[in-house]
Number of protein chains: 2
Amino acid sequence: MVTLGEQAVISQFNLTSYLKERQKVVEEALEQSLPIIRPEKIYESMRYSLLAGGKRLRPILCLTTCELMNGTLEMAMPTACALEMIHTMSLIHDDLPAMDNDDYRRGKLTNHKVYGEDIAILAGDGLLAYAFEFVATQTRNVAPQKIIEVIARLGRTVGAAGLVGGQVLDLESEGRDDITSDTLTFIHTHKTGALLETSVVAGAILAGASEEDIQRLSRYAKNIGLAFQIVDDILDITATQEELGKTAGKDLQAQKATYPSLWGIEESRKQAQALVDDAIAQLAAYGEKAEPLRAIATYIVTRKH
Amino acid sequence: MVTLGEQAVISQFNLTSYLKERQKVVEEALEQSLPIIRPEKIYESMRYSLLAGGKRLRPILCLTTCELMNGTLEMAMPTACALEMIHTMSLIHDDLPAMDNDDYRRGKLTNHKVYGEDIAILAGDGLLAYAFEFVATQTRNVAPQKIIEVIARLGRTVGAAGLVGGQVLDLESEGRDDITSDTLTFIHTHKTGALLETSVVAGAILAGASEEDIQRLSRYAKNIGLAFQIVDDILDITATQEELGKTAGKDLQAQKATYPSLWGIEESRKQAQALVDDAIAQLAAYGEKAEPLRAIATYIVTRKH
């Protein structure tokens, strides 16, 4: 799929330093997005999880796509922050004792371990509500109709038609050995894919992209979202085989259905590569400007952790 | 505050039948707002609580104010439904074991008792996200900038600056005997007052009301919201004295600070009446058309349960 000319450009593009620079901009915006007022405890709890690090992939995808479609960083930044607020909220609620019951995330205690279950539930609610308020009040130089489109997509992405629906089917599927690849794909397209797709598409909408461009970028995003999950599943197995001393695969322990358990590792690798190839093919019309999105797609299948 | 001419009009206006007719319209809209798709369980859980009855006061206030400001029911109906989704979400999460741990609400088992804690948390998240999606996708014949204003207000009303913040301070205050009337008012203006105010103000914004009208209606709503809470506190005490055989006051049991505990019952009654008088005074300019809002205000201080 990649021609020799494009290959040369790829090798010149430094994804690591690109992501690092973008992460810094996003961290600064997030830091300023949520000042502490009364009652302080809830704001501290929200900030604890929102500013706990992470790749900031969703905000970066949003900013990058907005720029690709000739928008500015400023147009997309409030939505970029909102995407991270929504992602953070879903992590806080997923970690609760009534859900996955996790004590640690990214090496730090989970929100409810620090602030208690009641505050953790409320911190998630607060971040979710604030995400919509933030887009509605902070977005500049974008036509109101476009802002409404983005808000509609964000809502759909979090709700029962998105994250929430994916998490429900995930909870229902645990410990069952009759999960089909259809169900598995439903879970992942809703639980992780939908927010990645919205990150990309929202950036395009805010920049005023055409329906055709939005379709292409949506397909790009859907493909990398699913490829990301397949690679995650593969790494959960191979990382335990290759890196001695590491805990055995978490998915195996939890008896979770995964792509390798349905297709085998080799076929899973092939499927992930095919998805990434198709994702990159969607970017053909955009030339050199699409390098960041191409590099992110390539990184997804080549990453080692 | 009420002149003789107005008094005559009030006696002609039948609030009970007005509320009944409006409730019916709202119930129909809510019934249609949330079709069941895959995964069915989460939609059933969301519908279980959303369609569990109740006065539908928030949607009715929104519709009524929109009409008062010469808007149509159609303009306000999606926001009216969203207000009830948000209110329902706050009840589901407040009832959770980690919060108030209630088994029953309006005579029915609470959401988590029927569907489990995990689904109840997700149903709340789903309703909250859907509220924003619903306003953004379903509102017709309203300028996009007004829709964004309403979304911004809804977000602020649910988040740490509203419902969530009020609930946090309420949880922190339980069992303490040093709660000031300032703190008590902070709790109520955030936990219940903010959503009532937004119900009224959103209806006005959608109808294209002037800043002056919005200010008046906002003051009306703030006053009836606080009066409603004071009367709630009074009824929690007096209902136990008057109606033999009923459970002792829930607030007393929970050692909650209330207005009667700070001010005494007589002074609380006076304050509630003063707030309602001021609320009704805000409506002076609107004549007969404001009868529903006047009657709702009067009902708040005269109700017996």
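What follows is a walk through this predicted two-chain model, from the symmetry to the interface and then to some packing details. As a predicted model, it is read with thresholds: local features need pLDDT of at least 70, side-chain atom pairs count only at pLDDT 80 or more, and totals for chains, interfaces and linings use all residues. Residues are numbered from 1 along each chain as its sequence is written, while chains are lettered from A and ligands numbered from 1 in the order in which they are written.

Let's start with how the copies relate. Two copies of a chain are related by a rotation about an axis and a shift along it. Here, a turn of 180° and a shift of 0.0 Å along the axis lay chain A on chain B with an RMSD of 0.0 Å (a least-squares superposition on the C-alpha atoms of residues with pLDDT of at least 70 in both). The two copies are thus related as by a two-fold rotation axis. If you want to find that axis from chain A, look for Pro144(A): of the residues of chain A, its C-alpha comes closest, at 2.8 Å. Both copies use the same surface, with 100% of the contact residues of chain A recurring in chain B.

Now for that surface. On each side, 41 residues are in contact with the other chain, contact meaning that C-beta atoms, placed from the backbone, lie within 7 Å. On chain A, α3 (40-50), α7 (117-138), α8 (144-158) and α9 (163-173) each supply at least two of these residues; helices here are DSSP runs (H or I, at least four residues), numbered from the N terminus. The largest share, 14 residues, comes from α7(A). By type, chain A's side holds 26 nonpolar, eight polar and seven charged residues, where Ala, Val, Leu, Ile, Met, Phe, Trp, Tyr, Cys and Pro count as nonpolar, Asp, Glu, Lys and Arg as charged, and the others, Gly among them, as polar.

So what does α7(A) pack against? One partner is α8(B), at an angle of about 155° with the axes 8 Å apart (axes are lines fitted to C-alpha atoms over the stretch in contact, and angles run from 0 to 180 degrees between N-to-C directions). The pair is therefore roughly antiparallel, the word for angles over 145 degrees. Residues of α7(A) in this contact include Tyr130(A), Phe132(A) and Glu133(A), and those of α8(B) include Ile148(B), Ile151(B) and Arg156(B). Altogether the contact has eight nonpolar, two polar and three charged residues.

Next, look at α3(B). Eight of its eleven residues are buried, so the helix is largely enclosed by the rest of the structure; a residue is buried if 20 or more other C-beta atoms lie within 10 Å of its own. Among the buried ones are Ile42(B), Tyr43(B), Met46(B) and Leu50(B). The buried residues pack against α9 of chain A together with α2, α5, α6 and α7 of chain B.

Pro39(A) sits in the loop between α2 and α3 of chain A. With 24 C-beta neighbours inside 10 Å, Pro39(A) counts as buried. Leaving aside residues up to four places away in sequence, Pro39(A) touches Gly165(B), Val168(B), Leu169(B) and Glu172(B).

Finally, within chain A, the axes of α2(A) and α4(A) come within 10 Å and cross at roughly 100°. These helices are therefore roughly perpendicular to each other (65 to 115 degrees). Leu19(A), Arg22(A) and Val26(A) in α2(A) meet Pro59(A), Ile60(A) and Leu63(A) in α4(A), a contact of five nonpolar, no polar and one charged residue.

Methods
Contact = placed C-beta atoms within 7 Å. Helix = DSSP H or I, 4+ residues; strand = E, 2+ residues; numbered from the N terminus. Parallel < 35°, antiparallel > 145°, perpendicular 65-115°, else oblique. Buried ≥ 20, exposed ≤ 12 C-beta atoms within 10 Å, placed from the backbone.
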